[in-house]
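Welcome! Open your viewer, get comfortable, and follow along one selection at a time.

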Amino acid sequence: MTDDFFRPVSGFDLPRYAGVPTFMRLPHVGLDDPRLAQVQVGLIGAPWDGGTTNRPGPRHGPRQLRDASTMMRAQNGVTGVRPFEALRCADLGDVPPNPADLMDTMARMEAFYTRVRAAGIRPLTAGGDHLCSLPILRALAKDRPLGMIHFDSHTDLFHSYFGGTMYTHGTPFRRAVEEGLLDPHRVCMIGIRGTTYDSEDRDFARAVGIRVIPIEEFHARGVADVMAEARSVAGSGETYISYDIDFVDPAYAPGTGTPEVGGPNSWQALQVVQGLDGVRIVGADLVEVSPPFDPSGATAYLGATILFELLCMMAAAA
Ligand code: MN
Ligand code: MN
């Protein structure tokens, strides 16, 4: 059980539209706060989109997701999980990026998450674009490779862009495999679709043994069957969860840089997370929410709900 300090502000004590909007109305505990040692899951903002190749904006994601996340209440409506009672959760603030320097930002992010890991905290990150996952994995998987379950329209396994640029939001998991951060035989990518320049990413996946479940297979088999396979690919070892909001159909999540039609609806977007039951989750992220393309706020609200579902799964695995 948690002490009262780690309880989110209740809507019965202060209406949910009022107050300072931390993630899910949790207390803010910075990395230098003496309370840090008590935190079990840290919600972290990664306000950086330096890896974006087309339509930018996810640098504004964390602030919008914090605001939308004040809508989350105490209990999961489907599973009954009450994450804030199962775990001591806190908002650890934002990773401080250097918006003018990609390599410096990745070094800052790796250093930030190294401190989070050293404190024994499992991170739940709100991006940011998908390149954010690479420095997070560098910190979390420094000493052994992790498994990964990855929801996305894209594999993000491309070798390079523009003839040799190695770090974009289309390349993080290629680098992560090359650097030994992921065990490709324990990686499952779900929802892959859309037009591509070529099939170089899929060829790489096949060559190293990554399981790619394209959208046509996802729709044909259904959530339960697909997630049973994803759990089996990840196995009983430590596993990272990476969730790109463009996994969801743009009818439900238009506020993202590289939307692809024909995707899951918002209900399936939550069901896949509930299908992670039993996975040993060492950390998770929700990336690519782009507020400039999200005038209604619907994408951020779905993103905040996915973050809550991920937190419930981390609580169930605690
Ligand atoms: Mn992605
Ligand atoms: Mn994507």
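## Start at the two metals

Select Asp152 together with both ligands: this residue bridges the manganese ion (ligand 2) and the manganese ion (ligand 1), and the two ions lie 3.2 Å apart. Before going further, please keep in mind that this is a predicted model.

**Ligand 1.** Now show the side chains around the manganese ion (ligand 1). Which residues coordinate this ion? You should find His130 (ND1), Asp152 (OD), Asp156 (OD) and Asp244 (OD), at 2.1 to 2.2 Å. If you follow these donors in the sequence viewer, their spacing reads H-x21-D-x3-D-x87-D.

**Ligand 2.** Move across to the manganese ion (ligand 2). Its donors are Asp152 (OD), His154 (ND1), Asp244 (OD) and two OD entries from Asp246, at distances of 2.0 to 2.5 Å. Along the sequence, the donor residues of this ion follow the pattern D-x1-H-x89-D-x1-D.

**Buried or exposed?** Switch on a surface and look for some of these donors. Are Asp152 and His154 buried or exposed? Both are buried. Asp156, a donor to ligand 1, is buried as well.

## Visit a loop

Next, select Thr79. You will find Thr79 in the loop that runs between helix H1 (61-69) and helix H2 (83-86). Why does Thr79 count as partly exposed? The reason is its relative accessibility of 38%, since partly exposed covers the range between the buried limit of 20% and the exposed limit of 50%.

Add Thr114 to the selection and draw a distance between the two C-alpha atoms. These residues are 35 positions apart along the chain, and their C-alpha atoms are separated by 32 Å.

## Zoom out to the whole chain

Now display the cartoon. The chain has 10 helices and eight strands. Its C-alpha atoms fill a box of roughly 55 × 40 × 40 Å along the principal axes. The radius of gyration is 18 Å, which agrees with the value near 20 Å that a compact globule of 318 residues would have.

Try colouring by accessibility: 57% of the 318 residues count as buried. The accessible surface comes to about 12,500 Å², with 53% of that belonging to carbon and sulfur atoms.

For contacts, take those with a separation of 6 or more: 77% of them join residues 24 or more positions apart.

Finally, colour by charge. There are 28 positive and 38 negative side chains, and the centres of these two sets lie 5 Å apart.

Notes: Residues numbered from 1 in each chain as written. Chains lettered and ligands numbered in written order. Predicted model: local features only at pLDDT ≥ 70, side-chain atom pairs only at ≥ 80, totals over all residues. Heavy atoms only, no water. Helix = DSSP H or I, 4+ residues; strand = E, 2+ residues; numbered from the N terminus. Rg over C-alpha atoms; globule rule 2.2 N^0.38 Å. Buried < 20%, exposed > 50% of the residue type's maximum accessible area, 1.4 Å probe, protein only. Contact = heavy atoms within 4.5 Å. Areas by Shrake-Rupley, 256 points an atom, 1.4 Å probe, with all protein chains shown as cover. Lys, Arg positive; Asp, Glu negative; His and termini not counted. Charge placed at Lys NZ, Arg CZ, Asp CG, Glu CD. Donors = N, O, S within 2.8 Å, 3.2 Å for Na, K, Ca; no water.
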